[in-house]
Amino acid sequence: MELSSDRAVARLEMSQVQSEDGEPFNESSDGDYESLPPHVSVTTHMTAGAVAGILEHTVMYPVDSVKTRMQSLQPDPNAQYKGVYEALKRIIKTEGVFRPLRGLNITMMGAGPAHALYFACYERVKHSLSHIIQSGGNSHIANGVAGSVATVLHDAVMNPAEVVKQRMQMYNSPYRGLWDCVRTVTHTEGIGAFYRSYSTQLTMNIPFQAVHFITYELMQEQLNPHRHYNPSSHIVSGAAAGAVSAAVTTPLDVCKTLLNTQENVALSSVNISGHLSGMANAFRTVYRLGGLAAFFKGVQARVIYQMPSTAIAWSVYEFFKYFLTKQKLEQEAASGQL
């Protein structure tokens, strides 16, 4: 039994065995870590993705709360902050130690299923397109397209959670809690309010994820060319991918925040009555309220949030993918000996 289990582990780690000349020993040219287990189930990808998504959003959630407030176009005088650390310190001091965590519950409820779909879809589409474009090799086009397709599914699940989360994060939020926010928004604005920013979210997240995945895979080519399970390379590549993609898509994130929160003070100051909708209207309103500089409000907090978040997501995802695959191979080997 033990010998059989060791053989299963050896199969999984075969790509990490080096020959005398320094080249990796593979059963085939496609035997690297990323593509090694072609039989890995969708359940494995979804489980790894769900765990990674929940950890990604929870660990850095207080910084996300600060980012939402710093993107406010007409902030209350008591909610004007000079930096991320100063904002966190003042929020805790004036509103309580748990205030930066408000809205975390709905985020966790949305992040699990959203990221499960996200990673499973990404792996499947990337694998299929890579075989078409590069005969199974790594393709930046395949990575970008796979990330974009996965984003459509992810945002369909996550957008309502984002609306509730951001409304609860704002200074002087009128909602008593999660369900009060859901009931109030549904009653006063209709179900459509939860998808008012969906087009803007996709417009932001499709380029975000395309840049994210291309940067991650590019960094992996440099730091981990043989695609072994290498935690440090996954962390560094993830952090770089998060920083680059967050910075270049901040203007769209500012517009998304405005559509999600429907800042009454800001909208009233430019004589907008009712509810703001549509990406074009959001862009015009942001520009009227603060010029070009307004499109980069909260960029520092966004990058600080995304770098560790993306590093956490990729390192956790790669670990669970490796661990679950290893466990499955051991079980298959064990059952084969019965």
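**A charged residue and its partner**

Is Lys67 buried or exposed? Lys67 counts as buried, because its relative accessibility is 3% and the cut-off for buried is under 20%. This comes from a predicted model. The side chain of Lys67 meets that of Asp253 in a salt bridge, at 2.9 Å from N to O. The two residues sit in distant parts of the chain: Lys67 in helix H3, Asp253 in helix H10, 186 residues apart. Asp253 is buried as well, because its relative accessible area is 1%.

Side chains of opposite charge can pair when their charged atoms come close. Lys67 and Asp253 also belong to a network of salt bridges. Its other members are Asp64, Glu162, Lys165, Lys256 and Arg302.

**Overall fold**

The protein chain has 13 helices and 0 strands. From the N terminus on, the elements are α throughout. Of its 338 residues, 52% count as buried. Consider contacts between residues at least 6 apart in sequence: 77% of them join residues at least 24 apart.

The accessible surface of the chain comes to about 15200 Å². Carbon and sulfur atoms account for 62% of that surface.

**Further salt bridges**

The salt bridge count comes to 18. One of them pairs Lys126 with Glu217, with the closest N and O atoms 3.5 Å apart. Lys126 lies in helix H5 and Glu217 in helix H8, so the pair ties together parts that are 91 residues apart in sequence. Lys126 counts as buried because its relative accessible area is 10%. Glu217 is buried too, because its relative accessibility is 1%.

Arg196 forms a salt bridge with Glu189. Here the closest N and O atoms are 2.9 Å apart. Both Arg196 and Glu189 are buried.

**A buried loop residue**

Gln71 sits in the loop between H3 and helix H4 (84-95). Despite the loop position, Gln71 counts as buried, because its relative accessibility is 1%. What does Gln71 touch, not counting residues up to four places away in sequence? The list is Asp253, Val254, Thr257, Glu263, Lys297 and Gly298. Asp253 is also the salt bridge partner of Lys67.

**Cavities**

A search of the whole structure finds 2 cavities of 30 Å³ or more. The largest has a volume of about 380 Å³. Its lining has 25 residues. Which of them are the closest to its centre? They are Glu56, His57, Asn205, Phe208 and Gln306.

Several helices give two or more residues to this lining. They are helix H2 (42-59), helix H3 (61-70), H5, H6, H8, helix H10 (250-261) and helix H13 (299-336).

**A nonpolar patch on the surface**

Ile132, Ile133, Ile141, Val145 and Val149 make a nonpolar surface patch of about 450 Å². Helix H5 (104-134) and helix H6 (140-169) each give two or more residues to the patch. H6 gives the most, with 3 residues.

Ile132 lies in helix H5. Ile132 counts as exposed, because its relative accessibility is 68% and the cut-off for exposed is over 50%.

**Loops with unusual backbone angles**

Most residues other than glycine have a negative phi. Asn172 is not a glycine, yet has a positive phi of about 60°. Asn172 is in the loop between H6 and helix H7 (178-189). Arg227 also has a positive phi without being a glycine, at about 55°. Arg227 is found in the loop between helix H8 (198-223) and helix H9 (231-248).

Their surroundings are set out by accessibility. Asn172 counts as exposed, because its relative accessibility is 56%. Arg227 counts as buried, because its relative accessibility is 6%.

**A contact made by Ile272**

Ile272 is found in the loop between helix H11 (264-269) and helix H12 (279-290). Leaving aside neighbours within four places in sequence, Ile272 is in contact with Leu267 and Thr285. Ile272 and Thr285 are 13 residues apart along the chain. Their C-alpha atoms are separated by 9.1 Å.

Key:
Residues are numbered from 1 along each chain as its sequence is written. This is a predicted model: local features need pLDDT of at least 70, side-chain atom pairs count only at pLDDT 80 or more; totals for chains, interfaces and linings use all residues. Side-chain values use heavy atoms; hydrogens and water are left out. Patches are made of residues with over 30% relative accessible area and no salt bridge: like charges are joined within 9 Å, nonpolar side chains (Val, Leu, Ile, Met, Phe, Trp, Tyr) within 5 Å. Accessible areas come from the Shrake-Rupley method with a 1.4 Å probe; for residues, only the protein chains shown count as cover. A salt bridge is a side-chain nitrogen of Lys or Arg within 4 Å of a carboxyl oxygen of Asp or Glu. Helices (H or I, at least four residues) and strands (E, at least two) are DSSP runs, numbered from the N terminus. Buried means under 20% relative accessible area, exposed over 50%, partly exposed in between (1.4 Å probe, protein chains only). Contact means heavy atoms within 4.5 Å. On a 1 Å grid over the protein atoms alone, a cavity is a set of points where a 1.4 Å probe fits but cannot get out, and a pocket is an open set with protein on both sides within 12 Å along at least five of seven lines; lining residues have an atom within 4 Å of a point. Grid points are joined across faces, edges and corners, and a volume is the space filled by probe spheres set on the points.
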